[in-house]
Amino acid sequence: MATKTTTPQHQVAVAGATGRMGHMLIEAIRAADDCQLAGALDVPASPAIGNDAAAFLGVASGVPVVADIRTGLARAKVLIDFTRPEGTMAHLAACRELGLHAVIGTTGFSDDQKARIAEIARDIAIVMAPNMSVGVNVTMKLLEMAAKALSTGYDIEVIESHHRHKVDAPSGTALKMGEVIAGALGRDLKECAVYAREGVTGERDPSTIGFATIRGGDIVGDHTVLFAGTGERIEITHRSASRATYAQGSLRAVRFLAGRTSGLYDMFDVLGLR
Ligand SMILES: NC(=O)C1=CN([C@@H]2O[C@H](COP(=O)(O)OP(=O)(O)OC[C@H]3O[C@@H](n4cnc5c(N)ncnc54)[C@H](OP(=O)(O)O)[C@@H]3O)[C@@H](O)[C@H]2O)C=CC1
Ligand SMILES: O=C(O)C1=N[C@H](C(=O)O)C[C@H](O)C1
């Protein structure tokens with residue numbers, strides 16, 4: 001066990017405990033004085049089931065990785081979920097039954113799944129954001145300002161790069177950036193997004209927001225929004241060099257949820273950026 005200087009206030013379970021973010025979160029929870037690892041979930045087929053959740057750090061936490069959702073949540077007050085949409089939905093149903101709060105970092109939800117999450121948030125408090133890093137959320141505010149100031153004469157393209165293992169595209173962050181920009185311009189992203197170009201596409205429609213996706217190697221996560229005008233280009237870029245920022249943002253979300261009873265929040269709420 002990591003030595004805590006005070007009794008931890010936040011009893012936190014992690015879903016996707018053996019994933020890239022799961023490991024980062026377990027390390028961050030163990031290092032935080034006010035948080036205690038209280039549960040670790042993974043899929044039944046995971047070879048880590050039954051192992052100590054902190055074994056990858058070479059230490060014992062006393063918390064085993066389990067597949068049974070209710071067993072994994074039994075000692076927790078809040079769940080942090082970085083898994084896949086279908087996993088998150090199953091975990092949230094259990095959180096609602098057991099009265100746990102949830103921090104959702106998973107991306108790639110359908111509109112139906114998002115509506116269901118909003119419905120579940122009438123009963124429990126949830127923070128959901130496609131990117132938990134402070135830097136990305138501040139970048140979103142910069143984009144809002146830039147989009148308003150560059151509302152005519154500038155073509156807008158969102159370019160994102162991620163590691164070869166990422167399964168959804170465009171990234172949740174890129175889509176959120178598109179939503180923020182479209183909102184600032186009074187447009188609906190569903191009407192103006194262009195996700196692919198091939199062949200004879202015709203000239204660019206100035207009302208569109210384009211997306212380009214790069215996948216390769218171990219890129220943690222880069223996002224650039226290009227405002228291409230006549231005679232000048234503005235590029236606003238955020239680059240992640242470590243997943244630790246996502247884990248630290250998730251713990252800020254855990255602290256934000258303490259004392260709340262219900263509601264759907266995002267990182268703008270957590271960081272006071274609204
Ligand atoms: N909001 C943010 O700040 C960030 C969001 N993300 C998002 O978090 C998610 C996870 O990313 P990452 O950690 O890189 O992915 P990984 O694939 O490394 O980890 C996912 C974990 O979830 C488990 N899992 C897969 N399917 C299910 C399921 N149906 N039910 C329960 N558990 C499941 C995996 O188990 P197994 O490996 O055994 O299949 C694994 O342990 C992605 O959606 C990603 O986009 C990532 C980084 C930051
Ligand atoms: O899968 C990832 O790795 C990441 N996913 C999130 C997204 O889809 O935006 C956040 C971050 O970019 C890393």
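Good morning, colleagues. A compact globule of 274 residues would have a radius of gyration near 19 Å, and this chain, with 20 Å, agrees with that expectation. I should say at once that the model is predicted.

Let me stay with the overall form for a moment. Along its principal axes, the C-alpha trace spans about 60 × 40 × 35 Å. The chain holds nine helices together with 12 strands. As for burial, 38% of the 274 residues count as buried. What share of the contacts with a separation of 6 or more comes from residues 24 or more positions apart? That share is 70%.

I turn now to the ligands, beginning with ligand 1. There are 24 residues around it, and those that come nearest are Gly16, Gly19, Met21, Gly87 and Gly105. Two elements each give two or more residues to this shell, namely helix H1, residues 20-31, and helix H3, residues 85-98. Which of the elements gives the most to the shell around ligand 1? The answer is H1, which provides three residues. By class, the shell around ligand 1 comprises 13 polar, seven nonpolar and four charged residues.

Next, ligand 2. Its surroundings are made up of Thr107, Pro130, Asn131, His162, Lys166, Ser171, Gly172, Thr173 and Gly221. By class, seven residues of the shell around ligand 2 are polar, one is nonpolar and one is charged.

To close, I would recall two points. The radius of gyration of the chain, 20 Å, agrees with the value for a compact globule of 274 residues. The shell around ligand 1 includes 13 polar residues, and the shell around ligand 2 includes seven. Thank you for your attention.

Conventions
Residues are numbered from 1 along each chain as its sequence is written. Chains are lettered from A and ligands numbered from 1 in the order in which they are written. This is a predicted model: local features need pLDDT of at least 70, side-chain atom pairs count only at pLDDT 80 or more; totals for chains, interfaces and linings use all residues. Helices (H or I, at least four residues) and strands (E, at least two) are DSSP runs, numbered from the N terminus. The radius of gyration is taken over C-alpha atoms; the globule rule is 2.2 Å times the number of residues to the power 0.38. A residue is buried if 20 or more other C-beta atoms lie within 10 Å of its own, exposed if 12 or fewer, and partly exposed in between; C-beta atoms are placed from the backbone. Two residues are in contact if their C-beta atoms, placed from the backbone, lie within 7 Å. A residue is near a molecule or strand if its C-beta atom, placed from the backbone, lies within 6 Å of it. Ala, Val, Leu, Ile, Met, Phe, Trp, Tyr, Cys and Pro count as nonpolar, Asp, Glu, Lys and Arg as charged, and the others, Gly among them, as polar.
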